[in-house]
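Here are some friendly notes to read alongside the model. Please keep the picture open while you go through the points.

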Amino acid sequence: TIASAAGSLLAGDLGRRSSGQLVAVLGMVGLVMSSLLLALPLALAFLAAGFLGRSLFATTVAPGMSAVIMSRAKSGQRAEA
């Protein structure tokens, strides 16, 4: 839960400083990299780091994608998007 909250805060902070696309792409890259740690469980530390990383990065993707979609949607159609 703490990692997910930290990911949301990180996404919001990064989104204010850069584009939503960058937030979404970095979140996806982090999500894949941390998930790889779960695929190769060489030690308990890899599983723990993979789980926490996945929780952190999973919450950064949605805000970035929402920012990209809302910036491209017409003002009257944003609720539909």
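**Notes on the model**

1. Let us begin with one residue: Ala-62 is found in helix H3. Helices here are DSSP runs of H or I with at least four residues, strands are runs of E with at least two, and both are numbered from the N terminus. Ala-62 counts as partly exposed because its relative accessibility is 46%. On this scale, buried means under 20% relative accessible area, exposed means over 50%, and partly exposed is in between, using a 1.4 Å probe and protein chains only. Ala-62 and Gln-21 are 41 residues apart in sequence, yet their C-alpha atoms are 11 Å apart in space.

2. A word on what you are looking at: this is a predicted model, in which local features need pLDDT of at least 70 and side-chain atom pairs count only at pLDDT 80 or more, while totals for chains, interfaces and linings use all residues. Residues are numbered from 1 along each chain as its sequence is written, and side-chain values use heavy atoms, with hydrogens and water left out.

3. How confident is the predictor? The average pLDDT of the protein is 82, and 98% of the residues score at least 70; pLDDT is the predictor's confidence in each residue, from 0 to 100. Among the elements, helix H2 (residues 20-39) has the highest mean pLDDT, 85, and H3 has the lowest, 82. Where pLDDT is low, the predicted coordinates should not be read in detail.

4. Now the overall plan. The protein has three helices and zero strands, so reading from the N terminus the elements run α-α-α. Taken along the principal axes, the C-alpha atoms fill a box of roughly 50 × 20 × 20 Å. Of the 81 residues in the protein, 21% are buried. Among contacts between residues at least 6 apart in sequence, 60% join residues at least 24 apart; contact means heavy atoms within 4.5 Å.

5. How do H1 and H3 meet? The axes of helix H1 (residues 2-17) and helix H3 (residues 44-72) come within 7 Å and cross at roughly 35°. Axes are lines fitted to C-alpha atoms, for helices over the stretch in contact, and angles run from 0 to 180 degrees between N-to-C directions. The crossing of H1 and H3 is right-handed, a label used if the near helix is turned clockwise from the far one by less than a right angle, while anticlockwise gives left-handed. On the H1 side the contact includes Ala-3, Gly-7 and Ala-11, and on the H3 side it includes Leu-52, Thr-60 and Pro-63. The residues of this contact divide into seven nonpolar, six polar and no charged. For that count, Ala, Val, Leu, Ile, Met, Phe, Trp, Tyr, Cys and Pro are nonpolar, Asp, Glu, Lys and Arg are charged, and the others, Gly among them, are polar.

6. Thr-60 deserves a closer look. This residue is found in helix H3. Why does Thr-60 count as buried? The reason is its relative accessibility of 4%. Not counting residues up to four places away in sequence, Thr-60 touches Gly-7, Ala-11, Val-23 and Gly-27. A polar atom of the Thr-60 side chain also lies 2.7 Å from the backbone oxygen of Phe-57.

7. Next, try three residues of H2. Ser-34 has its place in helix H2 and counts as buried because its relative accessibility is 5%. Apart from neighbours within four places in sequence, Ser-34 is in contact with Gly-50, Gly-53, Arg-54 and Phe-57. Leu-31 lies in helix H2 and is partly exposed, with a relative accessible area of 25%. With the same neighbours left aside, Leu-31 is in contact with Arg-54, Phe-57 and Ala-58. Leu-38 also lies in helix H2, and at 32% relative accessibility Leu-38 counts as partly exposed. Beyond four places in sequence, the contacts of Leu-38 are Leu-47, Gly-50, Phe-51 and Arg-54.

8. Finally, find the segment after H3, where Glu-80 has its place. Is Glu-80 buried or exposed? Glu-80 counts as exposed because its relative accessibility is 65%. Glu-80 and Ala-49 are 31 residues apart in sequence, and their C-alpha atoms are 37 Å apart in space.

Notes: Polar contact = N/O pair within 3.5 Å; in protein donor to acceptor, adjacent residues only side chain to side chain.
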